[in-house]
Structures are given as structure tokens and as C-alpha cells.
Amino acid sequence: GLPVLRAMAAHLEKEEEEEEEASGASSWEKRFEAMMMSEINFGPYYWETGERLPWWRRGLQWGTWTTEKTLKGAEFVGEVVANVFGMNDSKYQWVIDAMRDEQERDEQRKREDLQRSRLARQSAPPPDAVIEDEENAPQL
């Protein structure tokens, strides 16, 4: 019973400490990071539930709602500005783009060369054909 639970708890604590040492982050830091990555919802507000609250609680909820909407709007505007000015791109995105453009040009050049060679073979006379009029013979 109880000694087994204590042994299991000690073992779990030891594993947790080893993980903290390996990752360099404490359990508090992990919980804080998880909280920051989650969506924080402050509702439901009194106007959503129809609940009667004292004036100071209503004011607190209005302030919370206003702050939440303002911060979400500022975050959205920040994302738009970062995208417009290219702040979300890789530092060397121009190198990647240039390499991709060069590869596309090479592929296009190969396709054009292949098409030219096919057209030249189609317009060339057969090798066993006798050309009687040298002036009207096709130029290769």
C-alpha cells in the first residue's frame, strides 16, 4: 500500500529532476510556457450570462474584455506588419528564391531545347529522300 506509493512518488520525482537537468528548464518554466502557448479565455462575462453583479465587478469585466480585445487587435496588426515587411521570412530567403528561380530557368531551357530538337526532326526530310531542287531544299 503506502510504502509502494511512496516509492513510486520518489521514482517519479527523480525522473522529473533528471528531465529538468537534461532540458535545462524547471517544471515551473514548462508550465509557464504551456500557459503562454494556450488560448486564455476570460469569459463568460455578465452580459453573456445575464447575471446581476455589483458595479465594480461589471467595471472589472468591461476592463478585462476591453484589454483582451485591444491586445488581440495589436497582435493581429503586428502579424500583418511583420508579414508586409518580410520580418517572418528566413534571413537568407533571397538565396533560396534565387536558387529556385535558377532551377526553373534551367528546366525551362531544357524543355525548349527538347522542343526545338523535336521540331527540327519533324521538319527535316527523311534521309533516303532525293532532293532534286537544291534551291528549295530546307536549311538545317
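**Exercise 1. State what share of the residues in the protein is buried, and describe the fold elements.**

Solution. Buried residues account for 5% of the 140 residues in the protein, where buried means under 20% relative accessible area, exposed over 50% and partly exposed in between (1.4 Å probe, protein chains only). The model is predicted: local features need pLDDT of at least 70 and side-chain atom pairs pLDDT 80 or more, while totals for chains, interfaces and linings use all residues. Residues are numbered from 1 along each chain as its sequence is written, and side-chain values use heavy atoms, without hydrogens and water. The protein has five helices and zero strands; these are DSSP runs, numbered from the N terminus (helices H or I, at least four residues; strands E, at least two).

**Exercise 2. Classify the ring pair of Tyr-46 and Trp-47, and the burial of each residue.**

Solution. Step one: rings of Phe, Tyr and Trp (its six-membered ring) pair if their centres lie within 6.5 Å; planes under 30 degrees apart are stacked, over 60 edge-to-face, the rest tilted. By this rule there are five aromatic pairs. Step two: the centres of Tyr-46 and Trp-47 are 5.1 Å apart and their planes stand at 80°, so the pair is edge-to-face. Step three: Tyr-46 is buried because its relative accessibility is 17%, whereas Trp-47, at 32%, is partly exposed.

**Exercise 3. Analyse the pair of Trp-62 and Trp-65 in the same way.**

Solution. Trp-62 and Trp-65 are also edge-to-face, at 5.6 Å centre to centre and 85° between the planes. Both lie in helix H4, three residues apart, about one turn of the helix. Trp-62 has 40% relative accessibility and is therefore partly exposed; Trp-65, at 30%, is partly exposed. Ring pairs join Tyr-45, Tyr-46, Trp-47, Trp-62 and Trp-65 into a cluster.
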